[in-house]
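Visitor: Hi! I'm new to this one and would like a friendly tour. Could you show me what we're looking at?

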Amino acid sequence: MSHSNYCPAVWHFCKISDIKKIENIQKGALRYIIKDYSCPYTELRNMACKPLLYEHRMKLIMIEI
């Protein structure tokens with residue numbers, strides 16, 4: 001998570017396709033860590049207590065402001 005937490009205001013406005021790629025990386029990492037390859041992504045995030053990366057970026061931007 002350290003790379004995704006670094007300066008979210010700068011990379012928040014990248015292309016939607018790039019944001020989806022980053023979200024897919026998190027999805028794959030959660031599947032690997034939890035060892036569940038059939039569960040929906042929303043349930044994986046709930047099990048790991050992780051919000052969508054968009055929500056996390058917005059929270060960090062608000063804190064920074």
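Guide: Let's begin with a term: a salt bridge is a side-chain nitrogen of Lys or Arg within 4 Å of a carboxyl oxygen of Asp or Glu. Please also keep in mind that this is a predicted model.

Visitor: Okay, how many salt bridges does the structure hold?

Guide: It holds one salt bridge. D18 forms a salt bridge with K21, and their closest N and O atoms are 4.0 Å apart.

Visitor: Where do D18 and K21 sit relative to each other?

Guide: Both belong to helix α3, and because they are three residues apart there, about one helical turn separates them.

Visitor: And is K21 buried or exposed?

Guide: K21 is exposed, with a relative accessible area of 52%. Its partner D18 is partly exposed, at 26%.

Visitor: Let me zoom out. How many helices and strands does the protein have?

Guide: There are five helices and zero strands. Read from the N terminus on, the elements go α-α-α-α-α.

Visitor: How much of the protein is buried?

Guide: Buried residues make up 26% of the 65 residues. The accessible surface comes to about 4,900 Å², and 65% of that belongs to carbon and sulfur atoms.

Visitor: What about contacts between residues far apart in sequence?

Guide: Taking the contacts with a separation of 6 or more, 46% are between residues 24 or more positions apart. For a single pair to look at, try L52 and Q26: they are 26 residues apart in sequence, while their C-alpha atoms are 9.3 Å apart in space.

Visitor: Where is L52, then?

Guide: L52 is in the loop between α4 and α5. At 29% relative accessibility, L52 counts as partly exposed. Setting aside residues up to four places away in sequence, L52 touches E23, Y41 and R45.

Visitor: Let's look at α4. Which residues of α4 are buried?

Guide: Those are Y41, L44 and R45. They cover an arc of only 95° around the axis, so they lie on the same side of α4.

Visitor: What do the buried residues of α4 pack against?

Guide: They pack against α3.

Visitor: An arginine is on that buried list. What is the nearest side chain of opposite charge to R45?

Guide: That is E55, 4.8 Å away, and R45 is buried yet has no salt bridge. A salt bridge needs the nitrogen and oxygen within 4 Å.

Visitor: So what is R45 in contact with?

Guide: Leaving aside its neighbours within four places in sequence, R45 is in contact with Q26, L30, K50, P51 and L52. R45 itself lies in helix α4.

Visitor: Back to α3 for a moment. Where is R31, and is it buried or exposed?

Guide: R31 is in helix α3, which spans residues 16-34. R31 is buried yet has no salt bridge, and the nearest side chain of opposite charge is D36, 5.3 Å away.

Visitor: What does R31 touch?

Guide: Not counting residues up to four places away in sequence, R31 touches D36, Y37, S38, C39, P40, Y41 and L44. Two of those, Y41 and L44, are among the buried residues of α4.

Visitor: New topic: the outside. Which residues form a nonpolar patch on the surface?

Guide: Y32, I33 and Y37 form it, with about 420 Å² of accessible area together. I33 lies in helix α3, and I33 is exposed, with a relative accessible area of 63%.

Visitor: Last topic, the backbone. Where is phi positive in a residue other than glycine?

Guide: C49 is one of them, with phi near 55°. A bit of background helps here: most residues other than glycine have a negative phi. C49 follows α4 and is in the loop between α4 and α5. Its relative accessible area is 68%, which makes C49 exposed.

Visitor: And what about K35?

Guide: K35 has a positive phi too, of about 65°, although it is not a glycine. K35 is in the loop between α3 and α4. K35 is exposed as well, with a relative accessible area of 54%.

Methods:
Residues are numbered from 1 along each chain as its sequence is written. This is a predicted model: local features need pLDDT of at least 70, side-chain atom pairs count only at pLDDT 80 or more; totals for chains, interfaces and linings use all residues. Side-chain values use heavy atoms; hydrogens and water are left out. Helices (H or I, at least four residues) and strands (E, at least two) are DSSP runs, numbered from the N terminus. Buried means under 20% relative accessible area, exposed over 50%, partly exposed in between (1.4 Å probe, protein chains only). Lys and Arg count as positive and Asp and Glu as negative; His and the chain ends are not counted. Contact means heavy atoms within 4.5 Å. Patches are made of residues with over 30% relative accessible area and no salt bridge: like charges are joined within 9 Å, nonpolar side chains (Val, Leu, Ile, Met, Phe, Trp, Tyr) within 5 Å. Accessible areas come from the Shrake-Rupley method with a 1.4 Å probe; for residues, only the protein chains shown count as cover. The arc is that of the directions from the helix axis to the C-beta atoms.
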